[in-house]
Structures are given as structure tokens and as C-alpha cells.
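Hi everyone, thanks for making time for this. I'd like to walk you through a structure that is probably new to most of you, so please pull it up and follow along.

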Amino acid sequence: MTFRVFALAVIVGFMLAEARVSRANARRLREAGAVEPRGDVYLALALLYPAAFLLMGLEGLWRASGAGETPAGGPSWDVSGVLLFAASKALKYWAIRALGHRWSFHVMVLPGEPLVTTGPYRYVSHPNYIAVVGELVGTAMMMEARVLGPIMTVAFGLALWARIRFEARVLAPFRNGRPPASLDVGGR
């Protein structure tokens, strides 16, 4: 049980630190004239992301207390989960580094600025989202959240799919290599 309490505390610490960086970057982007397009599923993601980790953590604590029996033997799910979670955080922080001050929980568009195509964005369009799914699956493994892990990962995945479609629509004008000088994205 001590491992799961420690793991959950570390995960919450990461979430709080990332929220702080996101808020500072969002403030900086707004000051630079960034536009927040309408139609984002931000609220769903903002609720599901921490809820997923907390619920998986609670299931893990419940299982560790002996109430939810865990079969003996088999693979070391906690070690595998830690490794997946660590690899996912490495990918996420590589993506954050590539985006720099443009990384935020919000979709914010800086008119006149090109898309970032360095770091992991050189290889895939949404490395941060790949990393987030890895974080969720890694946490489900660490916590042995066999019920809430899949449920919360699928729920978050559905909201994430809507976010990816939204971003694709908003960023489509940037794909030709020359960013538009202004955007009509229904900003707030």
C-alpha cells in the first residue's frame, strides 16, 4: 500500500506542477495576442484527467488493503506501470520543451506564428497526447486498477479524440507552411 500512496502523491505533484506551467504559459500567450478558438473540449479534459488518476489510485489503495484480491504470481504490473509512466513523462516533457512557452492545457493560436515542427513534433502530430494515454495506462498498471483503469482511459480517450479533431480543424490553416496573419476561429 505504501508504494501506491507514494506513486499517487508523485502523480498529483506532477499534475500540480504542470498546471502551474500551463497557467503561466497561457497568461503569456494571451498577452502576446493568442486566440482561444471556440468549441474546445477543455472542460471535459480538465475534469477527466485528474479524476482518472484519483479514481485509479483509490482502486489501487482498495486492492492493496486486501478488499480487492489480487491474484498471486504473474507479471509485475507495478514495475511495468512505473516504466511506462516514466517513458510517457519523458515523451511529454520532450513535447513541452519543443513547444516552449506555447505549451498550455488550452488550445491557443498565435496568429502569424508557424506550427512547431521540432522535437517529437518532427515525427508525430500529437506526442503530448500519446504521452498522456501512456500516463493513464501506466498508472492503471501501477495501481492494479483493473476496473477503473480501462473505464477512465476510454472516457478520457473519447474526450481526447474530440480535442484532436478540434485541433486539426483549428490548425489546418497553418499546415501549408505559411501561417495566416489573422484567424477567424471564433475566439473569446
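Let's begin with the whole protein: of its 188 residues, 40% count as buried. Please keep in mind that what you see is a predicted model. The surface that the protein exposes comes to about 10200 Å², and carbon and sulfur atoms supply 65% of that.

What is the chain built from? There are five helices and zero strands, so to speak an α-α-α-α-α run when you read from the N terminus on. Now look at contacts between residues at least 6 apart in sequence: 88% of them join residues at least 24 apart.

Let's turn to helix 1, which covers residues 2–31. How far apart should its ends be? At 1.5 Å a residue, its 30 residues should span 44 Å, and the end C-alpha atoms are indeed 44 Å apart, so the two values agree.

Which residues of helix 1 are buried? Here they are: R4, A7, L8, I11, M15, E18, A19, S22, N25, A26 and L29. As you read along those numbers, it helps to recall that an α-helix has 3.6 residues a turn, so residues three or four places apart point the same way. The cover over the buried residues of helix 1 includes helix 2 (42–64), helix 3 (77–99) and helix 4 (127–143). Just after helix 1 comes G33, with a positive phi of about 95°.

Now on to helix 3. Its 23 residues should span 33 Å at 1.5 Å a residue, and its end C-alpha atoms are 32 Å apart, which agrees. The buried residues of helix 3 are G81, F85, S88, K89, K92, A95, I96 and L99. What covers them? The cover includes helix 1, helix 2 and helix 4. Following helix 3 you'll find G100, and its phi is positive too, near 60°.

Finally, let's visit the surface. W94, Y123, V124 and I130 form a nonpolar patch there, and together they have about 420 Å² of accessible area. Where does V124 sit? V124 is in the loop between helix 3 and helix 4. Is V124 buried or exposed? Neither, quite: its relative accessible area is 35%, so V124 counts as partly exposed.

That's my tour, and thank you for listening.

Notes: Residues are numbered from 1 along each chain as its sequence is written. This is a predicted model: local features need pLDDT of at least 70, side-chain atom pairs count only at pLDDT 80 or more; totals for chains, interfaces and linings use all residues. Side-chain values use heavy atoms; hydrogens and water are left out. Helices (H or I, at least four residues) and strands (E, at least two) are DSSP runs, numbered from the N terminus. Buried means under 20% relative accessible area, exposed over 50%, partly exposed in between (1.4 Å probe, protein chains only). Contact means heavy atoms within 4.5 Å. Accessible areas come from the Shrake-Rupley method with a 1.4 Å probe; for residues, only the protein chains shown count as cover. The expected span of a helix is 1.5 Å times one less than its number of residues. Patches are made of residues with over 30% relative accessible area and no salt bridge: like charges are joined within 9 Å, nonpolar side chains (Val, Leu, Ile, Met, Phe, Trp, Tyr) within 5 Å. A salt bridge is a side-chain nitrogen of Lys or Arg within 4 Å of a carboxyl oxygen of Asp or Glu.
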